[in-house]
Amino acid sequence: SYSDVKFYMEQTNAMLKAYSNQALVEYKAMVDPKQIMAMKFYARLEIHLQMIKPALNSIVTMKMVQLSIAHGMSPLSPLGFTYFGQLLAAFGDIREGYRYVKIGRQLLERMGSKEVAGEVIAQGTQVVCCFEPVQAAVEAHVEGQTTAMAAGDYHFALYNSACYVVISMWAGVKLAEFKKRSDQALALMKERNTIVWTAHIFYMSKIACRLIGAEFDYATESQKVEDVREENLSAAQTYYYQNMWGCYLFREYKEMKIFAEKHFEFSVDLHSYTFMYYHSAQKYFSGLVAFWVYRESKENIWAERGRKTKFVIKKYADCNEWNFESKLALMEAEEASCYSDIDNAKKMYKKAILAAKKHRFIHEEALAYELAGHFFLKIEDKNTAIEHFMQAHEKYHQWGAVAKSTALFEFVRQVLGKVSTNLDSFVSPETTTSTDHHVDNGDKNERKRTPVWSAD
């Protein structure tokens with residue numbers, strides 16, 4: 001049970017705290033053949049139990065750590081320490097989890113087995129991405145994929161590939177680059193006939209194409225992905241979450257609410273003992289969705305969902321301001337907007353915008369500007385709303401979300417009044433070249449793309 005896992009985890013952590021990081025990395029080597037064989041057995045159990053009985057997987061993880069301390073480090077000990085770090089992070093102690101993930105990686109470099117290197121990198125990078133700037137940390141998955149492929153570990157080669165794609169989106173990579181990465185991953189998965197991993201990036205890739213205004217090249221895989229969703233709870237939750245997110249970005253409230261209700265329903269049934277970076281993105285956007293639904297419906301359950309997810313993001317922000325400061329500020333702004341706390345909302349929207357800009361999350365900067373625009377529209381400050389919508393339009397365009405920036409342009413034109421377009425200062429999204437909308441070449445003479453809007 002959850003409480004049993006937590007009890008044994010705390011016991012194991014207390015035992016390990018007697019050792020410094022250096023002492024663990026330089027710990028004696030395991031020499032007993034029986035214990036070495038036991039470690040090999042447990043290492044193979046890890047991935048299989050993770051899919052079927054995650055609670056038992058946690059017990060195996062702790063057994064590997066305990067064997068390593070009792071009998072010495074084996075070439076498979078890095079795996080045990082990495083999974084233990086993930087387990088601690090999944091139970092809320094991200095800082096301590098990061099410690100053991102780093103120890104696992106150092107043990108891998110010292111004495112680790114090549115056959116589990118891809119797995120160690122794949123699982124450990126999830127925690128590292130929450131503790132270090134994600135734009136840099138995510139690149140470890142490239143190494144993980146290459147390492148796993150070289151060892152013939154195709155499962156974790158594909159796992160690294162899928163994680164690289166998904167986290168790249170949340171890291172704010174330009175959408176054209178994201179599409180390139182996702183197309184490569186989907187092609188590899190199609191070649192290997194690995195539909196489970198395909199299901200986890202299929203809908204995100206489809207939404208990215210919609211944001212760009214590009215054709216989705218893997219529509220033929222739809223039926224296979226739907227079949228997986230029918231059988232796999234995790235794939236089903238991914239489907240509901242990613243479609244909720246897509247509808248949220250395009251302001252499709254009714255459809256979004258339907259997907260959100262299913263997403264929260266599935267979230268109750270799925271307790272993960274494995275820590276994944278995308279869990280933070282799920283909490284972030286599901287919280288933003290919850291606050292919007294509460295503003296429209298005044299149903300208290302949505303306010304409570306928003307508050308709960310905000311509390312989780314605050315824990316992330318306490319560990320890593322770089323990745324989560326803008327997210328927390330935007331959630332606080334949206335919550336303040338729910339209760340007409342105008343002064344605090346203004347302050348937190350501004351903070352979210354500045355933090356996203358400072359930490360180079362252009363997609364979050366665009367969203368913060370847009371949500372601030374809707375807030376100012378709500379309080380009937382049209383001029384300030386227009387200013388924020390203009391900035392959102394520009395940032396979405398820089399991100400590569402040409403179709404989204406066009407949709408925002410049309411929204412402002414219809415809701416706020418006439419739009420005058422000065423071609424000397426604005427390049428329409430429809431006339432932008434394929435490279436113009438995603439390459440930041442630093443050209444000071446580059447023509448601005450922001451429309452000149454004016455309220456009636």
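Rings of Phe, Tyr and Trp, the last represented by its six-membered ring, are taken to pair if their centres lie within 6.5 Å. In the predicted model examined here, pairs of this kind link Trp170, Tyr241, Trp245, Tyr248, Tyr253, Tyr284, Phe285 and Trp292 into a cluster. Across the structure, the count by this rule comes to 30 aromatic pairs.

Two of these pairs may be set out in detail. A pair of aromatic rings is described by the distance of the centres and the angle of the planes. For Tyr294 and Tyr339, the ring centres are 5.7 Å apart and the planes stand at 45°, so the pair is tilted. Tyr294 belongs to helix H16, which spans residues 278–297, whereas Tyr339 is found in the loop between helix H18 (321–338) and helix H19 (342–358), and the pair therefore ties together parts that are 45 residues apart in sequence. With regard to solvent, Tyr294 counts as buried, at 10% relative accessibility, while Tyr339 is partly exposed, with a relative accessible area of 41%.

For Phe389 and Phe411, the ring centres are 5.7 Å apart and the planes meet at 75°, which makes the pair edge-to-face, because planes over 60 degrees apart are assigned to that class. Phe389 lies in helix H21 (residues 382–399) and Phe411 in helix H22 (residues 402–416), so that parts 22 residues apart in sequence are tied together by this pair. Phe389 counts as buried, with a relative accessibility of 0%, and Phe411 is partly exposed, its relative accessible area being 26%.

Aromatic rings also take part in contacts with charged side chains. Lys298 lies over the face of Tyr294, at 5.2 Å from the ring centre, and the ring of Tyr294 is thus placed both beneath a lysine and in the tilted pair with Tyr339. In a further contact, the charged end of Arg229 sits over the ring of Tyr239, 3.6 Å from its centre.

With respect to cysteines, the structure holds 0 disulfides. Cys130 is in no disulfide, the nearest cysteine sulfur being that of Cys129, 7.3 Å away; since a disulfide requires two cysteine sulfur atoms within 2.5 Å, this distance does not qualify. Cys163 is likewise in no disulfide, and its nearest cysteine sulfur, again that of Cys129, is 8.8 Å away. Both residues are shielded from solvent in the model: Cys130 is buried, with a relative accessible area of 1%, and Cys163 counts as buried at 7% relative accessibility.

Notes
Residues are numbered from 1 along each chain as its sequence is written. This is a predicted model: local features need pLDDT of at least 70, side-chain atom pairs count only at pLDDT 80 or more; totals for chains, interfaces and linings use all residues. Side-chain values use heavy atoms; hydrogens and water are left out. Buried means under 20% relative accessible area, exposed over 50%, partly exposed in between (1.4 Å probe, protein chains only). Helices (H or I, at least four residues) and strands (E, at least two) are DSSP runs, numbered from the N terminus. A charge sits over a ring if NZ of Lys or CZ of Arg is within 6 Å of the ring centre and within 35 degrees of the ring normal.
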